[in-house]
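Dear colleague,

I am handing over the structure we spoke about, and I would be glad if you would look through it alongside the notes in this message.

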Amino acid sequence: MSLAGTTKAFSIEITNVGTDGDTINEDETGSFYVYATNTGPLHMTDVSFRIAGLNGTKVKTVLANDFQTSITSASIERVNAHGGNNPSLVGVFLFRAPSAPSGREIELVEVALEQWDANTNHIMLAHSDPNRTVRGSLNAEVFPD
């Protein structure tokens, strides 16, 4: 069981869903990991996520006492640019399934980018080196005066 959302430069993935068995039962508590990957050219800083329970599902952090309909993750200091194969762990969260069976597959949890900032250090330092192999030339026939 996993859920993934992707834009051109950013993706969120829910993985490692843990329950007592192969199915999710009514009122069952389970766990899941959230990862974020930034493939864009800017390091993202102070990144937080909104984790929402859907269709009667409740969510919480591992350390919280009570389940809520939605929570905001702790802020991640930095999600590196060009992170392709190196997703950043957002956190481990818990869910409590709805108290009534759905009779069909439904969305239980949604994770969305809540807030982020960026700095230009990476793009200015890693993408602005001079390249002396790139050259231009002016060619023209020169005529007598």
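What follows is a description of the chain as a whole and then of several residues in it.

Please keep in mind throughout that this is a predicted model.

**The chain as a whole**

The chain has one helix and nine strands, and when it is read along the sequence the elements follow the pattern β-β-β-β-β-β-β-β-β-α. The radius of gyration of the chain is 23 Å, whereas a compact globule of 145 residues would have one near 15 Å. Taken along the principal axes, the C-alpha atoms fill a box of roughly 95 × 30 × 20 Å. Of the 145 residues, 30% are buried, and the chain exposes about 9,900 Å², of which carbon and sulfur atoms supply 48%. If one takes the contacts between residues at least 6 apart in sequence, 72% of them join residues at least 24 apart. As for charge, there are 9 positive and 17 negative side chains, and the centres of these two sets lie 4 Å apart.

**Serine 70, alanine 52 and their surroundings**

Serine 70 belongs to strand E6, which covers residues 70-72, and it is partly exposed because its relative accessible area of 29% falls between the limits of 20% and 50%. Once its neighbours within four places in sequence are left aside, serine 70 is in contact with Arg50, Ile51, Ala52 and Val59. With one of these residues there is also a polar contact, since the side chain of serine 70 meets the side chain of arginine 50 in this way at 3.3 Å. Threonine 57 is 13 residues from serine 70 in sequence, and the C-alpha atoms of the two are 9.4 Å apart in space.

Alanine 52, which is among the contacts of serine 70, is found in strand E4. It is buried, because its relative accessible area of 14% is under the 20% limit. Not counting residues up to four places away in sequence, alanine 52 touches Val59, Thr69, Ser70, Leu108, Val109 and Glu110. Of these, valine 109 is 57 residues away along the chain, yet its C-alpha atom is separated from that of alanine 52 by 5.6 Å.

**Two buried residues in strands**

Threonine 15 has its place in strand E2, residues 10-18, and with a relative accessibility of 14% it counts as buried. Its contacts, with neighbours within four places in sequence set aside, are Phe32, Tyr33 and Tyr35. Serine 88, for its part, is in strand E8 and counts as buried at 16% relative accessibility. Under the equivalent exclusion of neighbours within four places in sequence, serine 88 is in contact with Val34, Tyr35, Ala36, Arg78 and Val79. Tyr35 therefore appears in the contact list of threonine 15 and in that of serine 88.

**Arginine 96**

Arginine 96 is also found in strand E8, and at 31% relative accessibility it counts as partly exposed. Setting aside residues up to four places away in sequence, arginine 96 touches Asp27, Glu28, Thr29, Gly56, Thr57, Lys58 and Phe67. Isoleucine 106 is 10 residues from arginine 96 in sequence, and the two are 14 Å apart in space from C-alpha to C-alpha.

**Residues in loops**

Which residues have a positive phi although they are not glycine? Asparagine 55 is one of them, with a phi of about 55°, and it lies in the loop between strand E4 (43-53) and strand E5 (58-61). Histidine 82 is another, likewise with a positive phi of about 55°, and it is found in the loop between strand E7 (76-79) and strand E8 (88-96). Histidine 82 is partly exposed, with a relative accessible area of 42%.

Isoleucine 24 lies in the loop between E2 and strand E3 (29-38), and it is partly exposed, with a relative accessible area of 28%. Glycine 53 is 29 residues from isoleucine 24 in sequence, and their C-alpha atoms are 14 Å apart in space.

With best regards

Notes. Residues numbered from 1 in each chain as written. Predicted model: local features only at pLDDT ≥ 70, side-chain atom pairs only at ≥ 80, totals over all residues. Heavy atoms only, no water. Helix = DSSP H or I, 4+ residues; strand = E, 2+ residues; numbered from the N terminus. Buried < 20%, exposed > 50% of the residue type's maximum accessible area, 1.4 Å probe, protein only. Contact = heavy atoms within 4.5 Å. Polar contact = N/O pair within 3.5 Å; in protein donor to acceptor, adjacent residues only side chain to side chain. Rg over C-alpha atoms; globule rule 2.2 N^0.38 Å. Areas by Shrake-Rupley, 256 points an atom, 1.4 Å probe, with all protein chains shown as cover. Lys, Arg positive; Asp, Glu negative; His and termini not counted. Charge placed at Lys NZ, Arg CZ, Asp CG, Glu CD.
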